[in-house]
Amino acid sequence: MKLIKAIIRKDKLGDVLKALYRTEVRGLTVTDVRGHGGETEVVETYRGTTVKMELTEKVMLDIGVSDHFVEPTIEAILGAARTGEVGDGKIFVLPVEQVVRIRTAEVDTAAVTPVA
Ligand SMILES: Nc1ncnc2c1ncn2[C@@H]1O[C@H](COP(=O)(O)OP(=O)(O)OP(=O)(O)O)[C@@H](O)[C@H]1O
Ligand SMILES: [Mg+2]
């Protein structure tokens, strides 16, 4: 199992959710975040110029999936979140040790994908 953490543009959230739904990805968590993706702003000060590390508002998706869902999930996010401009975001894939569905006490692969 993997945890896919995707940091995307706020205005792409709807499209990404649609694409994930079409890919049959169901369980996910959405969080409003602020982050820095390398883009800096040069600010004029009385001593000259300084570089400001800008924080921009983004949305982070946390998606727990079984291994065979990793590639389709990434493809869905790329297809829906990409504009080609800097700041489109980033996807991290982390190993997951255990997943437990609280209602049934099911664990691991049985727990990541919802029962239809
Ligand atoms: N190395 C990183 N670690 C953690 N979060 C990151 C990292 N890089 C980017 N992010 C997060 O992703 C958001 C979007 O980053 P961004 O799209 O600018 O990435 P990038 O790698 O600089 O790509 P681009 O070249 O398209 O700008 C950032 O605001 C930040 O929240
Ligand atoms: Mg960047």
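Contact means heavy atoms within 4.5 Å of each other. Keep that rule at hand for the exercises below.

This is a predicted model, where local features need pLDDT of at least 70, side-chain atom pairs count only at pLDDT 80 or more, and totals for chains, interfaces and linings use all residues. Residues are numbered from 1 along each chain as its sequence is written, chains are lettered from A and ligands numbered from 1 in the order in which they are written, and side-chain values use heavy atoms, with hydrogens and water left out.

**Exercise 1: the chain as a whole**

Describe the order of elements and the overall dimensions of the protein chain.

Step 1. Start with the elements: the protein chain has 3 helices and 6 strands. Helices (H or I, at least four residues) and strands (E, at least two) are DSSP runs, numbered from the N terminus. Read from that end, their order is β-α-β-β-β-β-α-β-α.

Step 2. Turn to the dimensions. The C-alpha trace spans about 65 × 25 × 20 Å along its principal axes. The radius of gyration of the protein chain is 18 Å, while a compact globule of 116 residues would have one near 13 Å. This radius is taken over C-alpha atoms, and the globule rule is 2.2 Å times the number of residues to the power 0.38.

Step 3. Look at the contacts between residues at least 6 apart in sequence: 71% of them join residues at least 24 apart.

**Exercise 2: a residue in a helix**

Is T73 buried or exposed, and which residues does T73 touch?

Step 1. Find T73 in helix α2, residues 70-81.

Step 2. T73 is buried because its relative accessibility is 0%. Buried means under 20% relative accessible area, exposed over 50%, and partly exposed in between (1.4 Å probe, protein chains only). In the protein chain, buried residues make up 28% of the 116.

Step 3. Leaving out residues up to four places away in sequence, T73 touches I4, L20, T23, V25, I63 and V65.

**Exercise 3: the magnesium ion and the largest pocket**

Which protein donors does the magnesium ion (ligand 2) have, and which residues lie closest to the centre of the largest pocket?

Step 1. The protein donors are G37 (O) and E39 (OE), lying 2.0 Å from the ion. Donors are N, O and S atoms within 2.8 Å of the metal (3.2 Å for Na, K and Ca); water is not among the atoms, so sites may look incomplete.

Step 2. Check how accessible the donor residues are. G37 is exposed, with 54% relative accessible area, and E39 is partly exposed at 35%.

Step 3. Now the largest pocket, which holds about 360 Å³ of space. It is lined by 16 residues, and H36, G37, E39, K58 and G87 are the closest to its centre. Two or more lining residues come from each of β2 (29-35), β5 (56-65) and β6 (89-95). On a 1 Å grid over the protein atoms alone, a pocket is an open set of points with protein on both sides within 12 Å along at least five of seven lines, and lining residues have an atom within 4 Å of a point. Grid points are joined across faces, edges and corners, and a volume is the space filled by probe spheres set on the points.

Step 4. Finish with H36, in the loop between β2 and β3 (40-45). H36 is partly exposed at 30% relative accessibility. Beyond its neighbours within four places in sequence, H36 is in contact with M53, E54 and L55. The C-alpha atoms of H36 and L55 are 5.0 Å apart, although 19 residues separate them along the chain.

Conventions. 1 Å grid on protein atoms, 1.4 Å probe; cavity = no way out; pocket = protein on both sides within 12 Å on 5 of 7 lines; lining within 4 Å.
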